[in-house]
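Here is a short report for the bench. It follows selected residues, two helices, the core and the chain contact.

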2 protein chains.
Amino acid sequence: MEITIGQRILDANDQITLRNKQLLREHGIFTINIMGSPGAGKTALLEKLIDKLKPEIKMAVIEGDLFTDKDAQRIESQKIPVVQINTKGACHLDGQMIEWALDRLPLNNIELLIIENIGNLVCPAEFDLGEDMRISLLSVTEGEDKVAKYPTMFTGVGAIVLNKVDLLPYTNFKLDDFYKDIKFLDADAKVFEISCSQGSGVDALADWLTHKVKEIKEVK
Amino acid sequence: MEITIGQRILDANDQITLRNKQLLREHGIFTINIMGSPGAGKTALLEKLIDKLKPEIKMAVIEGDLFTDKDAQRIESQKIPVVQINTKGACHLDGQMIEWALDRLPLNNIELLIIENIGNLVCPAEFDLGEDMRISLLSVTEGEDKVAKYPTMFTGVGAIVLNKVDLLPYTNFKLDDFYKDIKFLDADAKVFEISCSQGSGVDALADWLTHKVKEIKEVK
């Protein structure tokens with residue numbers, strides 16, 4: 001009699017992601033997967049974070065977009081390594097795309113790698129890219145109900161960034177409901193209120209990330 | 001020798017969608033598929049349109065959401081027929097879901113059916129729901145670069161609604177670039193500048209839709 005031992009068969013994406021993860025770990029690179037709606041401010045947040053962190057931490061960025069290299073151009077002007085992935089219409093990044101991008105980055109000279117996923121509050125949550133941490137970005141103008149309506153995007157994340165808080169006076173965003181829904185879904189997520197356009201709140205997130213990067217280097 | 005005649009094999013979704021389309025046509029129902037990012041203002045636009053159109057046109061709504069019936073509740077309070085579809089995490093509506101919803105609507109008493117798709121600027125564009133027209137919604141706070149970055153969402157649509165124009169002074173949205181990119185992609189799309197929160201611009205869209213509904217009734 002043959003005994004089948006129950007185990008999860010890794011699919012193609014999982015296998016590649018596992019390889020990517022090992023590669024990143026070997027190089028001591030702390031990797032973040034930033035997710036959020038189109039226009040939530042992912043690239044704007046990256047620009048601000050790079051400004052703050054660049055003097056202390058060796059950074060690189062992988063930019064995910066359906067088409068165009070608009071975002072990569074914005075990052076490139078900050079003089080850090082950036083690779084643009086164009087998914088040609090696909091709604092999320094996957095392991096194979098990340099593998100392709102890692103092959104084009106100077107891994108020996110990176111401490112913090114930030115992957116900006118496709119602007120989409122649904123599909124990216126389903127795909128592990130080998131990251132150490134996910135950060136979900138929501139902007140005030142999207143409405144506080146998005147946490148309850150798109151729960152997979154706000155569960156199992158290291159941090160939730162609420163962006164565009166400078167627009168709070170011009171919207172009917174209910175901050176109390178936002179925090180209530182977050183606590184219900186993901187009580188451990190750290191929340192940062194930020195305005196990329198005004199620059200407020202970015203320091204706190206930058207300090208927290210610096211601490212995370214140092215932590216992983218000590219472990220290594 | 002066997003001769004294979006080239007023809008597109010309809011997949012399961014296409015077959016169901018074709019049936020739905022025939023059903024809608026038989027009842028003389030003009031059907032719109034509204035698409036846009038989470039928080040672009042799809043439900044807010046629906047609320048405003050229902051206010052304007054309800055006295056003249058028999059309307060119904062199909063609400064698509066991953067989870068929750070928050071949007072259906074908002075529409076229900078306006079006293080028109082509404083069916084909530086919860087996709088349980090799936091990123092778009094499909095033919096089978098619409099078939100299920102149509103089965104729950106008073107088709108003999110509807111002239112205009114509006115389907116609010118999942119908040120997602122990528123996946124819904126790939127799925128025909130049997131609609132007569134698509135309307136894409138973009139909000140000023142998402143940035144004008146979204147047209148070029150998510151082109152499938154702004155191609156082959158009847159109208160593009162630019163929402164939250166009241167927030168133009170507080171953002172760096174470039175209106176000229178927006179129109180330039182639209183013209184490049186979809187010169188035939190009618191563009192409406194709207195502020196759902198202020199109520200501006202809704203009349204023009206409502207009048208245009210009334211005309212479309214009357215047109216299809218005359219054809220019938």
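Which residues does A:S195 touch, not counting residues up to four places away in sequence? In this predicted model, they are A:N163, A:K164, A:V165, A:D166 and A:S200. A:S195 sits in the loop between β7 (190-193) and α7 (202-219) of chain A. Its relative accessible area is 1%, so A:S195 is buried.

**A second buried loop residue**

A:E111 also has a place in a loop, between α4 (95-102) and β4 (112-116) of chain A. A:E111 counts as buried because its relative accessibility is 14%, and the cut-off for buried is under 20%. Leaving out residues up to four places away in sequence, A:E111 touches A:G28, A:I29, A:F30, A:E56, A:I57, A:K58, A:V213 and A:K217. A:D14 lies 97 residues from A:E111 in sequence. In space, their C-alpha atoms are 24 Å apart.

**Two helices of chain A**

The table sets out the two helices.

| Helix | Residues | Number of residues | End-to-end C-alpha distance | Expected span | Arc of buried residues |
|---|---|---|---|---|---|
| α1(A) | 12-26 | 15 residues | 21 Å | 21 Å | 165° |
| α2(A) | 42-53 | 12 residues | 16 Å | 16 Å | 150° |

Take α1(A). Its buried residues are A:N13, A:D14, A:I16, A:T17, A:N20 and A:L24. They fall within an arc of 165° seen down the axis, so they line one face of the helix. The face turned away from that buried side carries the exposed residues A:A12 and A:E26. What covers the buried residues of α1(A)? The cover includes β1 (30-36), α4 and β4 of chain A. Just after α1(A), A:G28 takes a positive phi of about 65°. A:G28 is also one of the residues that A:E111 touches.

Now α2(A). Here A:K42, A:T43, A:L45, A:L46, A:L49, A:I50 and A:L53 are buried. They cover an arc of only 150° around the axis, which puts them on the same side of α2(A).

**The core**

Nonpolar side chains tend to be buried together in soluble globular proteins. The largest nonpolar core here has 78 residues. Which of them touch the most other members? They are A:I62, A:L105, A:L113, B:I62 and B:L113. B:L113 is in contact with B:L24, B:I29, B:F30, B:T31, B:I32, B:A60, B:V61, B:I62, B:L102 and B:L105, leaving aside its neighbours within four places in sequence.

**How the chains meet**

A turn of 180° and a shift of 0.0 Å along the axis lay chain A on chain B, with an RMSD of 0.0 Å. That is the relation of a two-fold axis. In chain A, the C-alpha nearest the axis belongs to A:N120, 3.0 Å from it.

The contact takes 31 residues from chain A and 31 residues from chain B. Do the copies meet through the same surface or different ones? The same: 100% of the interface residues of chain A are also interface residues in chain B. About 2500 Å² is buried between the two chains, 63% of it on carbon and sulfur atoms. Which residues of chain A lose the most area to chain B? They are A:P38, A:K149 and A:Y170, together 23% of what that side buries.

Definitions and conventions: Residues are numbered from 1 along each chain as its sequence is written. Chains are lettered from A and ligands numbered from 1 in the order in which they are written. This is a predicted model: local features need pLDDT of at least 70, side-chain atom pairs count only at pLDDT 80 or more; totals for chains, interfaces and linings use all residues. Side-chain values use heavy atoms; hydrogens and water are left out. Helices (H or I, at least four residues) and strands (E, at least two) are DSSP runs, numbered from the N terminus. The expected span of a helix is 1.5 Å times one less than its number of residues. Buried means under 20% relative accessible area, exposed over 50%, partly exposed in between (1.4 Å probe, protein chains only). The arc is that of the directions from the helix axis to the C-beta atoms. Contact means heavy atoms within 4.5 Å. A nonpolar core is a set of buried Ala, Val, Leu, Ile, Met, Phe, Trp, Tyr and Cys residues joined through side-chain atoms within 4.5 Å. Copies are superposed by least squares on the C-alpha atoms of residues with pLDDT of at least 70 in both. Buried area is the accessible area (1.4 Å probe) that two parts lose on being put together, summed over both.
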